Amino acid sequence: MEAPGPGHPDQAGPGASGTAAKGQGADSEGSSWDTPPRCVHFIRPVYPKQARRQGLEGQVLLRVFIDDRGHATRAVVLQSSDTLFAAPARQAALKSRFKPAIRNNRPVSVWVKIPMRFRLDE
């Protein structure tokens, strides 16, 4: 499973810093931040046994709500290349830990998009 990486300003993968103009960003819901959320403890999803047996690789795009304490409290699957990958990706996102987004020197809750890729060679 490939961990999400830097990318779009409303993604919060491990080490993601976003690509928004320095000092500002926004999620797809219109919430804004000065500092984007950042994953500090990524939980690798369990590769589905059936997908591994079938030689399937895939990707899942999640919409995750990260609260002002850095907890992922909700995760919605936006896209999944195969239904086998959706539940493990969602469960992993909900167990991962984040540094919350900051606005006006205060932690804020935001929605972010997190891509996860499942690869057999990892």
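Visitor: What makes strand 4 and strand 5 a hairpin, and which residue in the turn has a positive phi?

Guide: In this predicted model, strand 4 and strand 5 form a hairpin with 5 residues between them. Gly 70, in the turn, has a positive phi of about 90°. The strands pair in the antiparallel sense over 7 bridges. Two strands count as paired if at least two bridges are found between them, so 7 bridges satisfy the rule. One of the partnerships joins Val 64 to Ala 75 in strand 5.

Visitor: Where is Asp 67 found?

Guide: Asp 67 is found in the loop between strand 4, residues 58–66, and strand 5, residues 72–80.

Visitor: Why is Asp 67 called buried?

Guide: The relative accessibility of Asp 67 is 8%. A residue is buried under 20%, and therefore Asp 67, at 8%, counts as buried. Leaving aside neighbours within four places in sequence, Asp 67 is in contact with Thr 73, Pro 100, Val 108 and Ser 109.

Visitor: Which backbone nitrogen does the side chain of Asp 67 reach at 2.9 Å, and what makes this a polar contact?

Guide: The side chain of Asp 67 reaches the backbone nitrogen of Arg 69 at 2.9 Å. The limit for a polar contact is 3.5 Å, so a distance of 2.9 Å falls within it. A polar atom of the Asp 67 side chain also lies 2.9 Å from the backbone nitrogen of His 71.

Visitor: How do you know that the side chains of Asp 67 and Arg 69 meet in a salt bridge?

Guide: The distance from N to O is 3.4 Å. A salt bridge requires a side-chain nitrogen of Lys or Arg within 4 Å of a carboxyl oxygen of Asp or Glu, so this pair qualifies. Asp 67 is buried at 8%, whereas Arg 69 is exposed, with a relative accessible area of 54%. The cut-off for exposed is over 50%, which means that 54% passes it.

Visitor: How many salt bridges does this rule give?

Guide: The count comes to 2. Besides the pair just described, the side chains of Arg 119 and Asp 121 meet at 3.9 Å, N to O. That value lies within 4 Å, and therefore the pair is called a salt bridge. Asp 121 counts as exposed at 60%. Arg 119 has a relative accessibility of 28%, between the cut-offs of 20% and 50%, so Arg 119 is partly exposed.

Visitor: Why is Arg 52 called partly exposed?

Guide: Arg 52 has a relative accessibility of 39%. This value also lies between 20% and 50%, so Arg 52 counts as partly exposed. Its place is in helix 1. Arg 52 and Arg 119 are 67 residues apart in sequence, and their C-alpha atoms are 9.2 Å apart in space. Outside its neighbours within four places in sequence, Arg 52 is in contact with Tyr 47 and Leu 120.

Visitor: Why is strand 4 called largely enclosed by the rest of the structure?

Guide: Strand 4 has 9 residues, of which 7 are buried, so the strand is largely enclosed. Strand 4 also pairs with strand 9 in the antiparallel sense over 9 bridges. In that pairing Val 60 stands opposite Met 116.

Visitor: Which residues touch the most other members of the largest nonpolar core?

Guide: Leu 62, Val 64 and Met 116 do, among the 22 residues of this core. Strand 4, strand 5, helix 2 and strand 9 each give two or more residues to the core, and strand 9 gives the most, with 5 residues. Leaving aside neighbours within four places in sequence, the contacts of Leu 62 include Val 76, Leu 78, Ala 89, Ala 93, Ile 114 and Met 116.

Visitor: Which residues of helix 2 are buried, and what do they pack against?

Guide: In helix 2, residues 83–95, the buried residues are Phe 85, Ala 86, Pro 88, Ala 89, Ala 92 and Ala 93. The buried residues of helix 2 pack against helix 1, strand 4, strand 5, strand 6 and strand 9. At the start of this helix, a side-chain oxygen of Asp 82 reaches to within 2.9 Å of the backbone nitrogen of Leu 84.

Visitor: How many helices and strands are there in the protein?

Guide: There are 2 helices and 9 strands, and the pattern along the sequence is β-β-β-α-β-β-α-β-β-β-β. Of the 122 residues, 39% count as buried.

Notes
Residues are numbered from 1 along each chain as its sequence is written. This is a predicted model: local features need pLDDT of at least 70, side-chain atom pairs count only at pLDDT 80 or more; totals for chains, interfaces and linings use all residues. Side-chain values use heavy atoms; hydrogens and water are left out. Helices (H or I, at least four residues) and strands (E, at least two) are DSSP runs, numbered from the N terminus. Buried means under 20% relative accessible area, exposed over 50%, partly exposed in between (1.4 Å probe, protein chains only). A polar contact is a pair of N or O atoms within 3.5 Å; within protein, one must be able to donate a hydrogen and the other to accept it, and residues adjacent in sequence count only if both atoms are side-chain atoms. Contact means heavy atoms within 4.5 Å. A nonpolar core is a set of buried Ala, Val, Leu, Ile, Met, Phe, Trp, Tyr and Cys residues joined through side-chain atoms within 4.5 Å.
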